[in-house]
Amino acid sequence: MIEAKVKYGENSINMKFPCDNDYFDANLLKLGVVDMTDTKLYISDISGCDELSFLKDNVVDIEELNSLMHRLNSFEEKERQKFLAVIKEFDIQDMSVLINKTFNMKQYTLIQDMSSFEKIGKTYYTTIHPNATKKEILETDFDMIGKKLMDSNSGLMTSYGLLFINEDVPYTIGYDRITLPGDDIKNNLLAVRLDYKDKKGYISLPESQYAIDRLIKRMGANSIEECTAECAAFNTKNDMWQNRFDNILSKEGVYKLNELAKAINQKFGREEYLTQLSAVVEYAEVSDIESIITLSKHLDNFTYMHGVDDFEDLAKKWIKDNDDYELSVELENFFLFEEFGRQIAEDYKAKFLESGGCVCTDGDVTLDTIFKKNDHEDTMSMSGM
């Protein structure tokens with residue numbers, strides 16, 4: 001992690017990198033940045049990494065800097081030291097080149113343990129062949145490889161160790177100056193591809209609106225309306241929601257899809273949550289994005305019961321899940337389950353779904369009150385602007 005003093009006009013703020021986009025955007029707003037898509041700002045001081053001290057007293061694209069630090073943060077210490085040795089030895093100061101170097105560490109071998117030719121050879125071999133099998137490891141003559149490498153006299157002595165260039169390893173472009181590395185779908189719901197003329201960019205959702213705007217700018221477009229969009233990947237196995245995300249994106253656009261993704265992604269147990277939200281959407285008989293987002297915010301007011309397909313099922317499930325009810329086994333044959341289920345359905349606005357299962361409210365709200373409350377909140381939000 002590094003800390004940089006970032007300036008904008010007469011204002012300055014200390015920012016830590018790497019950071020998420022919420023922190024990133026909040027600090028730019030505190031600085032008073034007018035155009036949130038312009039992230040080239042002046043850095044007056046930097047600490048935490050001597051090799052990046054050249055950034056001091058320079059205008060730097062701090063979004064690229066943040067991406068670089070995300071990449072370095074994912075490295076193990078030895079890999080990080082090798083990267084620092086490379087940029088120091090070759091005096092690399094271009095941010096896009098620095099980012100791309102993080103994808104090309106196989107092009108370099110850093111020897112830190114020179115106690116034997118065997119160890120040198122093994123370090124060199126496993127750098128080029130990181131996925132070598134146990135059989136290959138056992139059958140490889142590392143002593144010979146180590147001697148040959150040292151005899152080449154091609155090593156560059158750095159403060160981190162002896163650095164060799166692996167010239168046979170091809171160069172990989174990991175950053176195309178459009179899609180910033182580190183935009184990982186792993187912790188997000190889905191990824192969207194944007195196309196503008198001959199350029200394409202990817203972003204995972206949910207994300208801040210400013211991050212989406214910055215991607216659009218890096219592609220050269222003036223607005224999202226100039227781009228086409230399609231879902232590129234999903235972090236859910238729910239086919240119905242994958243189709244729904246596709247439809248929302250094509251009809252409502254990336255910003256509305258992002259709003260829904262934010263509501264969904266903040267919940268624990270995503271797959272279970274999506275299953276319940278699907279049931280509640282069917283219960284409410286809605287398909288528009290605003291209604292789905294509203295329901296996602298009020299999902300705690302509903303209960304979805306899988307496998308409950310009639311009033312008798314509902315009564316039995318209710319008795320089983322509620323401590324307030326107790327029914328002895330010998331009385332089960334005399335209990336009017338269907339009538340009890342009808343009463344529950346009336347009291348808690350239960351509905352049996354065509355897809356199977358049953359949804360009911362918590363008894364305190366109805367669909368009308370939920371949607372009216374949301375309309376009121378939206379009105380209050382607009383009046384406060």
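Where does Lys197 sit in the chain? The place of Lys197 is the loop between strand E8 (190–196) and strand E9, and its backbone is worth a look.

A quick word on what you're looking at: this is a predicted model, in which local features need pLDDT of at least 70, side-chain atom pairs count only at pLDDT 80 or more, and totals for chains, interfaces and linings use all residues. Residues are numbered from 1 along each chain as its sequence is written, and side-chain values use heavy atoms, with hydrogens and water left out. The helix and strand labels are DSSP runs numbered from the N terminus, with helices (H or I) of at least four residues and strands (E) of at least two.

**Backbone oddities**

Back to Lys197: its phi is near 55°, a positive value in a residue other than glycine. Lys197 is also exposed, at 73% relative accessible area. Here, exposed means over 50% relative accessible area, buried means under 20%, and partly exposed is in between (1.4 Å probe, protein chains only).

Lys349 has a positive phi too, near 50°, and again this is a residue other than glycine. You'll find Lys349 in the loop between helix H14 (337–347) and strand E12 (351–352). With a relative accessibility of 40%, Lys349 counts as partly exposed.

Then there are the cis peptide bonds. One runs from Phe17 to Pro18, with omega near 5°. Pro18 belongs to the loop between strand E2 (11–17) and helix H1 (21–31). Another cis bond goes from Leu205 to Pro206, with omega near 10°. Pro206 lies in the loop that connects strand E9 (199–205) with helix H8 (209–219).

**Salt bridges**

Side chains of opposite charge can pair when their charged atoms come close. How many salt bridges does a search of the whole structure find? The search turns up 17, where a salt bridge is a side-chain nitrogen of Lys or Arg within 4 Å of a carboxyl oxygen of Asp or Glu. Here are some of them:

| Lys partner | Acidic partner | N to O distance |
|---|---|---|
| Lys217 | Asp35 | 3.7 Å |
| Lys147 | Asp143 | 3.4 Å |
| Lys316 | Glu312 | 3.1 Å |

Take Lys217 and Asp35, whose closest N and O atoms are 3.7 Å apart. That pair links distant parts of the chain, with Lys217 in helix H8, Asp35 in the loop between H1 and strand E3 (40–47), and the two positions 182 residues apart. Lys217 is partly exposed at 41% relative accessibility, and Asp35 is partly exposed at 37%.

Lys147 and Asp143 are a local affair. Why are Lys147 and Asp143 separated by about one helical turn? Because they are four residues apart in helix H7 (residues 142–151). Lys147 has a relative accessible area of 38%, which makes it partly exposed, and Asp143 is partly exposed at 32%.

Lys316 and Glu312 share helix H13 (residues 311–321), where they are four residues apart, about one turn of the helix. At 41% relative accessibility Lys316 counts as partly exposed, and Glu312, at 36%, counts as partly exposed. Elsewhere, salt bridges that share partners tie Asp25, Glu63, Arg214 and Arg218 into one network.
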